[in-house]
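Biologist: Got a minute to go through this model with me? I'd like to start with the charged pairs and then wander a bit.

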Amino acid sequence: MQETLNYISKNKQRFVDELFELLRIPSISADPAYKDDVLKCADVVAGYLKNAGADNVEVCQTKGYPIVFGEKMLDKNLPTVLVYGHYDVQPADPLELWTKPPFEPYIEKTELHPEGAIFARGSADDKGQFFMHLKAFEAMMKSNTLPCNVKFILEGEEEVGSVSLGDFVNENKEKLSCDCILISDTHIYSNEQPTVTTGLRGLSYVEVEIEGPNRDLHSGLYGGAVPNPIHVLSRMIAKLIDEDGHITIDGFYDNVETVSDADRADMNKLKDNPEEFKKSIGLNGVEGEKGYTTLERTSIRPTLDCNGIWGGYTGEGAKTVIPSKASAKISMRLVPYQTPEEITEKFTKYFEKIAPENVKVKVTPHHGGMPYVLPTDTKEFLAAKHAMESAFGKEVLPYRGGGSIPITAMFEQVLGAKSVLMGFGLDSDAIHSPNEHYGLFNFYKGIESIPQFFENYSK
């Protein structure tokens with residue numbers, strides 16, 4: 001292991017320089033205008049994988065963007081770790097809120113990152129994190145210390161719902177067969193309190209539309225006599241959560257996992273700082289479901305949020321209309337043992353029930369995903385915990401994340417393997433937002449931890 005760590009130490013600057021090359025490619029999967037850049041990024045990733053020492057490197061075509069595959073099979077009797085990551089990134093809009101152009105990476109020191117952070121779109125989500133695995137693999141290959149088999153699957157559609165990944169995995173079960181899956185697309189609680197993510201929430205995402213009159217109406221001629229769809233929609237959304245932060249949808253909590261008092265106590269060992277939490281997002285106070293801490297509200301409890309709302313005239317100046325339609329997008333984060341199908345159906349029935357008779361209601365389901373939990377007594381979790389403790393020199397605690405990575409449940413169902421969510425970002429890294437960044441400390445700690453995970457898991 002020391003030889004591996006020595007190699008990492010000697011090549012730190014080169015690792016960052018090579019990451020910068022990836023970050024300069026605007027591989028935005030959501031925007032067709034960047035198609036050539038996404039394809040270029042896949043080729044560059046494949047090149048780095050080959051140079052690191054992987055065999056059978058392929059840029060595999062799908063119905064969408066390609067999946068980069070590579071492997072190093074030492075001995076069929078050794079365990080096999082499948083590393084997952086994604087090379088596509090979110091759109092950078094709004095561009096005017098970036099301090100510097102989003103695809104011109106640079107390093108700057110911050111309060112949380114005194115050693116410096118890499119600022120660029122994709123730095124933390126997920127180029128900087130999956131690139132840690134390529135460099136850790138390179139270090140193990142160059143020092144001849146790779147203790148087990150490894151496979152890589154790096155996709156280009158995660159930011160648009162991994163639309164081609166499921167078919168690819170189902171069609172290539174043998175090619176992707178493994179004993180566990182290693183993913184770095186999550187974050188730790190803090191640099192002072194490193195964690196391994198042991199759970200993620202699922203997702204049900206819907207779009208709703210309220211239709212009133214058959215056309216936009218003059219608010220002077222019709223105002224006060226007809227339903228205004230914006231008013232109706234606003235009242236309906238307000239009814240979805242009561243004053244105690246409880247979601248009012250009939251049967252919403254029927255299948256919610258009951259987390260034991262002991263597990264809740266362990267979860268709250270993390271140093272929750274309410275004042276720092278409020279300060280970090282510019283609020284004077286927080287709210288949520290009564291009877292739960294902030295840590296619990298953002299991890300083991302289901303939620304409902306309106307993500308966007310629109311209708312009527314929103315341009316410059318005034319236009320006095322009662323709109324014909326109003327719409328909103330609503331997401332619900334799910335916990336074990338809720339399913340997106342169940343919750344989408346319950347939401348639809350309830351939303352239709354609370355609508356007044358003088359409007360039409362349309363609910364359109366979008367993507368969803370299952371929750372995921374990695375038990376803390378598994379060899380996968382323990383291998384990650386001990387690896388990070390060696391790298392950080394501190395106790396590593398389990399941590400339930402609030403986000404969703406639907407592919408984890410799919411991987412387990414199709415490949416029969418558990419996913420280890422060993423991410424190294426911070427929740428303050430501004431992923432999906434302007435000025436996304438990733439700490440150099442975190443980048444290097446990831447590269448140091450990954451070889452130790454391989455060694456621990458192999459043992």
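Modeller: Sure. By salt bridge I'll mean a side-chain nitrogen of Lys or Arg within 4 Å of a carboxyl oxygen of Asp or Glu. And keep in mind that this is a predicted model.

Biologist: Fine. Which residue does the side chain of R400 meet in a salt bridge?
Modeller: That's E257, with 3.4 Å from N to O. The two come from distant parts of the chain, 143 residues apart: R400 belongs to strand 16 (residues 397-400), while E257 is in the loop between helix 7 (229-238) and helix 8 (261-267).

Biologist: R400, buried or exposed?
Modeller: Buried, because its relative accessible area is 14%, under the 20% cut-off. E257 is buried too, at 16%.

Biologist: How many salt bridges does the structure hold?
Modeller: There are 21. One of them pairs E18 with K135, at 2.8 Å from N to O. That one also ties together distant parts of the chain, with E18 in helix 2 (residues 12-23) and K135 in helix 4, 117 residues apart. Both E18 and K135 are buried.

Biologist: Which residues are linked with E18 and K135 in a network?
Modeller: R14 and E138, so you have four residues joined by salt bridges there.

Biologist: And what does K459 pair with?
Modeller: K459 and E455 form a salt bridge at 3.9 Å, N to O. K459 counts as exposed because its relative accessibility is 78%, whereas E455 is partly exposed at 28%.

Biologist: Let's switch to the domains. How is the chain divided?
Modeller: Domain 1 takes 1-200 + 371-458, and domain 2 takes 202-256 + 302-369. Their C-alpha centres are 36 Å apart.

Biologist: How many residues of each are in contact?
Modeller: Seven from domain 1 and nine from domain 2. Together the two domains bury about 560 Å² between them, and carbon and sulfur atoms give 64% of that.

Biologist: Which three residues supply the most of what domain 1 buries?
Modeller: P371, S404 and P406, which give 72% of the area domain 1 buries against domain 2.

Biologist: How many salt bridges between the two domains?
Modeller: Zero between domain 1 and domain 2.

Biologist: What does UniProt put on residues 199-358?
Modeller: The unreviewed entry annotates them as "domain: Peptidase M20 dimerisation". In the model, that span is 29% helix and 22% strand, and its end C-alpha atoms lie 43 Å apart.

Biologist: Okay, cysteines. How many disulfides turn up in the whole structure?
Modeller: Zero. For C41, the nearest cysteine sulfur is that of C60, 16 Å away. C41 is buried, at 0% relative accessibility.

Biologist: Why is there no bond between C178 and C180?
Modeller: Because their sulfurs are 6.9 Å apart, too far for a bond; the cut-off is 2.5 Å. C178 is buried as well, with a relative accessible area of 14%.

Biologist: Now the backbone. Where are the cis peptide bonds you'd flag?
Modeller: One runs from D93 to P94, with omega near -5°. P94 is in the loop between strand 3 (80-86) and strand 4 (106-108). Another joins D125 and D126, where omega is about 0°, and D126 falls in the loop between strand 5 and helix 4. I point these out because most peptide bonds are trans.

Biologist: S123 is in that stretch too. Where exactly?
Modeller: In the loop between strand 5 (117-119) and helix 4 (127-142). S123 is buried, at 1% relative accessibility. Leaving out residues up to four places away in sequence, S123 touches L23, I118, G128, Q129, E436, H437 and Y438.

Biologist: What about phi for N56?
Modeller: Phi of N56 is near 50°, so positive in a residue other than glycine. N56 lies in strand 1 (residues 55-60). N144 also has a positive phi, about 55°, and is placed in the loop between helix 4 and strand 6 (149-155). N144 counts as exposed, at 72% relative accessibility.

Biologist: Last one: what is the C-alpha separation of L5 and A136?
Modeller: It's 9.2 Å, for residues 131 apart along the chain. L5 lies in helix 1 (residues 2-10) and is partly exposed, with a relative accessible area of 24%.

Technical notes:
Residues numbered from 1 in each chain as written. Predicted model: local features only at pLDDT ≥ 70, side-chain atom pairs only at ≥ 80, totals over all residues. Heavy atoms only, no water. UniProt positions renumbered as here; feature names shortened; annotations may be inferred. Helix = DSSP H or I, 4+ residues; strand = E, 2+ residues; numbered from the N terminus. Buried < 20%, exposed > 50% of the residue type's maximum accessible area, 1.4 Å probe, protein only. Contact = heavy atoms within 4.5 Å. Domains from an automatic or database assignment. Buried area = accessible area lost by both parts, 1.4 Å probe.
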